[in-house]
Amino acid sequence: VQLQASGGGLVQTGGSLRLSCVASGSIVKLNDMGWYRQAPGKQRELVATITGGGVANYVDSVKGRFTISRGNAKRTVYLQMNALKPEDTAVYYCNANRVVTSTGYGRHYWGKGTLVTVSS
């Protein structure tokens, strides 16, 4: 399973960005997708996850500002980020969890991160 994320960049405080991530490979069923982030000097933290059925979960610090969604084919996940703050600056990682593939079952696949920088 490969995950390709895009959409990071530099934005001013209060601005918006939309991250996208596409999963590829011998996927039979992809249950959960999500976004995590890691700021300099900090541990990676969950930002938002969404199940195949569309149930979303957010870390408290982004509730009301970020929206996670899945594409119709369920292999794409988006993160719409509004009202960005400097503390949102981090490398954002796409995650796929509970994946049934043609060869078995796997948990927590990761893509390469995409950098989001919010200037004050």
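Start with the whole chain in cartoon view: from the N terminus on, the elements run β-β-β-β-β-β-β-β-β-β-β-β. That comes to 12 strands and zero helices. Keep in mind as you click around that this is a predicted model.

**The overall view**

Stay zoomed out for a moment. The C-alpha trace spans about 45 × 25 × 20 Å along its principal axes. A compact globule with 120 residues would have a radius of gyration near 14 Å, and the protein has 14 Å, so the two agree. If you colour by accessibility, buried residues make up 41% of the 120. A contact map is worth a look too: among contacts between residues at least 6 apart in sequence, 54% join residues at least 24 apart.

**Stop one: the four-stranded sheet**

Select E1, E3, E8 and E7. They form an open sheet in the order E1-E3-E8-E7, with antiparallel pairing. E1 (2-6) and E7 (66-70) stand at the edges with a single partner strand each, so one side of each has no neighbour in the sheet. From one strand to the next, the twist averages 15°.

Now zoom in on E7 and E8 (residues 76-81). These two pair in the antiparallel sense over five bridges. To find your register, pick Ser69, whose bridge partner in E8 is Tyr78. If you turn on side chains, remember that in a regular strand they alternate between the two faces of the sheet.

**Stop two: two hairpins in a row**

Next, select residues 27-38, which are E4, and residues 45-50, which are E5; the two strands pair in the antiparallel sense over five bridges. Tyr36 stands opposite Leu46 in E5. E4 and E5 form a hairpin with six residues between them. What is the phi of Gly41 in the turn? It is positive, about 80°.

Carry on from E5 into E6 (residues 56-58): here the antiparallel pairing runs over three bridges. Thr49 has Asn57 in E6 as its bridge partner. This hairpin has five residues between the strands, and Gly54 takes a positive phi near 90°.

**Stop three: the disulfide**

Show the cysteines as sticks and go to Cys21 and Cys94. They form a disulfide, with their sulfur atoms 2.0 Å apart. The torsion about the S-S bond is -90°, and the link is left-handed. Cys21 sits in E3 (residues 17-24) and Cys94 in E9 (residues 90-101), so the bond ties together parts that are 73 residues apart in sequence. Are these two cysteines buried or exposed? Both Cys21 and Cys94 are buried. The disulfide count for the model comes to one.

**Stop four: the core**

Finally, hide the cartoon and look at the nonpolar side chains. In soluble globular proteins, such side chains tend to be buried together. The largest nonpolar core here has 30 residues; select Trp35, Leu79, Met81 and Tyr92, the members that touch the most others. E1, E3, E4, E5, E7, E8, E9 and E12 (114-119) each supply at least two residues of this core. Which strand gives the largest share? That is E9, with five residues.

End on Met81 and show what surrounds it. Leaving aside residues up to four places away in sequence, Met81 touches Gly15, Ser16, Leu17, Leu19, Arg65, Phe66, Tyr92 and Val116. Tyr92 is worth keeping highlighted, as one of the core members named for touching the most others.

Key: Residues numbered from 1 in each chain as written. Predicted model: local features only at pLDDT ≥ 70, side-chain atom pairs only at ≥ 80, totals over all residues. Heavy atoms only, no water. Pairing = 2+ DSSP bridges. Axes fitted to C-alpha atoms, helices over the stretch in contact; angles between N-to-C directions. Disulfide = S-S within 2.5 Å. Buried < 20%, exposed > 50% of the residue type's maximum accessible area, 1.4 Å probe, protein only. Core = buried A, V, L, I, M, F, W, Y, C linked by side-chain atoms within 4.5 Å. Contact = heavy atoms within 4.5 Å. Rg over C-alpha atoms; globule rule 2.2 N^0.38 Å.
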